[in-house]
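Biologist: Please take a close look at one part of this protein for me, and tell it as one connected story. I would like every term to come with its cut-offs.

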Amino acid sequence: MYPRLRTLTVTTAVCATSLLAVPHAVAEVEPGGWQSVSPSHTVQERGCGQVDGLTFRLTCSTASGDQRAERRYATYTGGTRQFEGYFRINDLSGTRISLKQTFHESGSGPYFMLAVERGGRLYAVHGGTTLSNAGTVGATVRVNTVHAVGDEHRTYINGSLKHSYDSPGGSFYDKFGAYRTNSGNGTATVEWSGIRFWRK
């Protein structure tokens with residue numbers, strides 16, 4: 001092997017090893033002490049909901065019934081949890097579609113729901129607070145939720161804190177995808193990427 005090619009090969013191998021060794025433990029929002037975790041999940045398809053990898057579709061415009069396409073992650077009961085994901089709405093002929101939920105399993109159910117209206121308004125379903133107008137068709141949006149169980153739930157859109165909410169104790173889990181709210185309807189196609197979780 002020529003010396004220059006050998007050097008390049010060794011350098012490439014070292015770089016690859018270094019990249020593999022970098023832990024995904026540095027969170028994008030809120031510094032300090034995060035540990036990367038990989039909770040298990042199940043896929044939920046109900047009504048006209050369809051899941052293909054990280055693409056979630058509601059294929060009907062039905063305004064009633066259980067229409068959902070989503071991933072449901074493992075239950076957690078304490079500490080502070082962070083979720084990060086990127087979504088892009090590829091099609092939205094419907095409106096008021098839930099994109100991400102923090103579900104209070106031992107309490108009243110959907111404790112926090114991030115939804116989108118036609119036109120791109122992102123809002124908290126409970127209370128109706130507008131978080132951003134970044135959810136337009138074709139735009140990629142980063143979502144982080146930081147949940148200190150028994151203290152507070154915070155939501156970041158594209159790295160900026162947009163919503164804070166008192167949190168009870170109990171058991172919770174994360175969900176994301178495309179889910180018709182009580183006042184919404186499809187159709188919708190949402191593509192998610194870059195899903196990561198941390199805890200501390």
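**Salt bridges, a strand and a pocket**

Modeller: Happy to, and a salt bridge makes a good start: the side chains of Glu117 and Arg121 come together in one, with 3.1 Å from N to O. By salt bridge I mean a side-chain nitrogen of Lys or Arg within 4 Å of a carboxyl oxygen of Asp or Glu. Please keep in mind that this is a predicted model, in which local features need pLDDT of at least 70 and side-chain atom pairs count only at pLDDT 80 or more, while totals for chains, interfaces and linings use all residues. Residues are numbered from 1 along each chain as its sequence is written, and side-chain values use heavy atoms, with hydrogens and water left out.

For the overall setting, the protein has 1 helix and 15 strands; these are DSSP runs numbered from the N terminus, with helices being H or I over at least four residues and strands being E over at least two. Of its 200 residues, 45% are buried. Buried stands for under 20% relative accessible area, exposed for over 50%, and partly exposed for what lies in between, using a 1.4 Å probe and protein chains only.

The part I would pick for you is β14, residues 172–185. This strand is mostly covered, with 12 of its 14 residues buried. It runs antiparallel to β7, and 8 bridges join the two. One position to look at there is Ile97, which stands opposite Arg180 of β14. Strand β5 (residues 68–73) also runs antiparallel to β14, through 5 bridges. I count two strands as paired if DSSP finds at least two bridges between them. In this second pairing, Glu70 faces Gly177 of β14.

Glu70 deserves a second look. It forms a salt bridge with Lys175, and their closest N and O atoms are 3.2 Å apart. This pair links distant parts of the chain, as Glu70 sits in strand β5 and Lys175 in strand β14, 105 residues apart. Both Glu70 and Lys175 are buried. Salt bridges that share partners then tie Arg46, Asp66, Arg68, Glu70 and Lys175 into one network. Within that network, the side chains of Arg68 and Asp66 meet at 3.0 Å, N to O. Arg68 is buried at a relative accessible area of 10%, whereas Asp66 counts as partly exposed at 31%. Across the whole structure, the search finds 11 salt bridges.

Just before β5, Gly65 lies in the loop that follows β4 (55–58). Gly65 is partly exposed, its relative accessible area being 48%. Its C-alpha atom is 7.4 Å from that of Gly47, 18 residues away along the chain.

Back to β14 for the pocket. On a 1 Å grid over the protein atoms alone, a cavity is a set of points where a 1.4 Å probe fits but cannot get out, and a pocket is an open set with protein on both sides within 12 Å along at least five of seven lines; lining residues have an atom within 4 Å of a point. Points are joined across faces, edges and corners, and the volume is the space filled by probe spheres set on them. The largest pocket holds about 180 Å³. Its lining has 13 residues, and Pro110, Met113, Tyr179, Thr181 and Asn182 lie nearest the centre. Two or more lining residues come from each of β7 (95–104), β8 (109–116) and β14, and β14 gives the largest share with 6 residues. By class, the lining has 6 nonpolar, 4 polar and 3 charged residues; nonpolar covers Ala, Val, Leu, Ile, Met, Phe, Trp, Tyr, Cys and Pro, charged covers Asp, Glu, Lys and Arg, and the others, Gly among them, are polar.

There is also 1 cavity of 30 Å³ or more, and the largest cavity has about 40 Å³ of space. Its lining includes Lys100, Thr102 and Asp174, and β6 (80–92), β7 and β11 (140–148) each supply at least two of the lining residues. The split here is 3 nonpolar, 5 polar and 3 charged.
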